[in-house]
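Colleague: Please pick one part of this model and take me through it closely. I would like to see how the pieces around it connect.

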Amino acid sequence: MPSELQPVSLKITQPRINAYAKITRDPNPIHLDAEFAATTEMRGIIAHGTLSLNLLWRALAGTFGAEACDGAEMDVRFVRPVRVDDVVTAAGHRDEADPSRYLVQVTNQAGEAVITGWARPGT
Amino acid sequence: MLSELLTYDRIQIGESLGVFETRVDADALALWRSIYGDDVGGNTDTVPPDMISAIVMTAQLELTNPHPDGGLHAGQHYVLHHRPRIGDVLSTTSTPLSKEIRKGRRWVKMKTETRDQDGRMVYETIVTIIWAA
């Protein structure tokens, strides 16, 4: 297995958030309504966490091929919100303690982790 | 859809919330590609693996509807058993596994299982959510 996953980046724009809300049928105003979002503990619109998480699956598929996702496992935590116009990058490197899996993260343009966890490709 | 707003207090551990059926069709794929661009990894007639969380999340949201606005996903654990084929009918069940209040936040874990029309397991997920109210 390669030592690193092929990184994947995406700019998180409001139109992308809107499209994701449509496809997931998720009208949560914390993603769509600036006035409502400002009243929450997030103090403004945040993107769906899984909008960025999906990039980790794309990194896995891009590195190994989609067929290697059959039997794959992933465990992640959302550790920081993603804001409109953030550029996020999904990446991963082999876990020295468990070479069958990768330690993965999604970072924002400031290099801050927004998602952390691990992923194991299928066999 | 549930008859009452599914607040934290109404969540019953171990009690299935039902089954939600969906199908990934050409329109859904086109919308998906408008967000992420072309498929990666040589997808042909199978659902892109990166759609797993969207499929599970859609089902989980529908099965808990109506629920209080403002909830947040805190974590996810996925097993992708098999990529379903485009056009497969996917049936997802959701069952609350646990709930607890920590530091004033309402933490809920739910297990989802997604099967195709032949009964074959395609996805298993444990979703951790901070319930809004």
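**From the surface to the contact between chains**

Modeller: Start on the outside. A:Glu35 has a relative accessible area of 68%, so this residue counts as exposed. Keep in mind that the model is predicted. A:Glu35 belongs to helix 3 of chain A, residues 34-38. Its C-alpha atom is 8.7 Å from that of A:Ile45, and the two residues are 10 apart along the chain.

Now move to the part I want to look at closely: the contact between the chains. How many residues does the contact take from chain A and from chain B? Chain A gives 40 residues and chain B gives 40 residues. About 3,300 Å² of area is buried between chain A and chain B. Carbon and sulfur atoms give 58% of that area.

Polar groups take part too. Between chain A and chain B, 21 residue pairs are in polar contact, with both residues at pLDDT 80 or more. Which elements supply the chain A side? Helix 1, helix 2 (29-32), helix 4 and strand 2 (72-78) of chain A each give two or more residues to the side that touches chain B. The largest share comes from helix 4 of chain A, with nine residues.

Look next at one residue from the other chain. B:Ser53 sits in helix 2 of chain B, residues 52-63. Is B:Ser53 buried or exposed? Its relative accessible area is 2%, so B:Ser53 is buried. Leave aside its neighbours within four places in sequence, and B:Ser53 is in contact with A:Tyr20, A:Thr50, A:Leu53, A:Asn54 and B:Tyr78.

A:Tyr20 leads us to the rings. Over all chains, the structure holds four aromatic pairs. One of them joins A:Tyr20 and B:Trp32, with the ring centres 6.0 Å apart. The planes are at 45 degrees, and the pair is tilted. This pair crosses between chains: A:Tyr20 is in helix 1 (residues 14-23) of chain A, and B:Trp32 is in helix 1 (residues 26-36) of chain B. A:Tyr20 has 0% relative accessibility, so A:Tyr20 counts as buried. B:Trp32 is buried as well, with a relative accessible area of 0%.

Compare a pair inside chain A. A:Phe64 and A:Tyr102 are edge-to-face, 5.8 Å centre to centre, with 65 degrees between the planes. A:Phe64 lies in helix 4 (residues 49-64) and A:Tyr102 in strand 4 (residues 98-107) of chain A, so this pair ties together parts that are 38 residues apart in sequence. A:Phe64 is partly exposed, at 22% relative accessibility. A:Tyr102 is buried, at 0%. Back across the chains, A:Tyr20 and B:Trp32 join B:Tyr36 in one aromatic cluster.

Charges are the next thing to check. Side chains of opposite charge can pair when their charged atoms come close. Four salt bridges are counted between chain A and chain B. B:Asp50 and A:Arg58 meet in a salt bridge, at 3.0 Å from N to O. The count over all chains is 17 salt bridges. A:Arg25 and B:Glu62 meet in a salt bridge of 4.0 Å, N to O. That pair runs between chains, from the loop between helix 1 and helix 2 of chain A, where A:Arg25 sits, to B:Glu62 in helix 2 of chain B. At 43% relative accessibility, A:Arg25 is partly exposed. B:Glu62 is partly exposed too, with a relative accessible area of 23%.

Salt bridges also form inside a chain. A:Glu73 pairs with A:Arg120, the closest N and O atoms being 3.4 Å apart. A:Glu73 is in strand 2 of chain A and A:Arg120 in strand 5 (residues 113-120), so the pair ties together parts that are 47 residues apart in sequence. A:Glu73 is partly exposed at 22% relative accessibility, and A:Arg120 is partly exposed at 23%. Both belong to a network of salt bridges with A:Asp95, A:Asp98 and A:Arg101.

Finish in chain B, where charges sit over rings. B:Lys99 lies over the face of B:Tyr8, at 4.7 Å from the ring centre. The charged end of B:Arg102 sits over the ring of B:Trp107, 4.5 Å from its centre.

How values were computed. Residues numbered from 1 in each chain as written. Chains lettered and ligands numbered in written order. Predicted model: local features only at pLDDT ≥ 70, side-chain atom pairs only at ≥ 80, totals over all residues. Heavy atoms only, no water. Phe/Tyr/Trp six-rings, centres within 6.5 Å; stacked < 30°, edge-to-face > 60°. Helix = DSSP H or I, 4+ residues; strand = E, 2+ residues; numbered from the N terminus. Buried < 20%, exposed > 50% of the residue type's maximum accessible area, 1.4 Å probe, protein only. Lys NZ or Arg CZ within 6 Å of the ring centre and 35° of its normal. Contact = heavy atoms within 4.5 Å. Buried area = accessible area lost by both parts, 1.4 Å probe. Salt bridge = Lys/Arg side-chain N within 4 Å of Asp/Glu carboxyl O. Polar contact = N/O pair within 3.5 Å; in protein donor to acceptor, adjacent residues only side chain to side chain.
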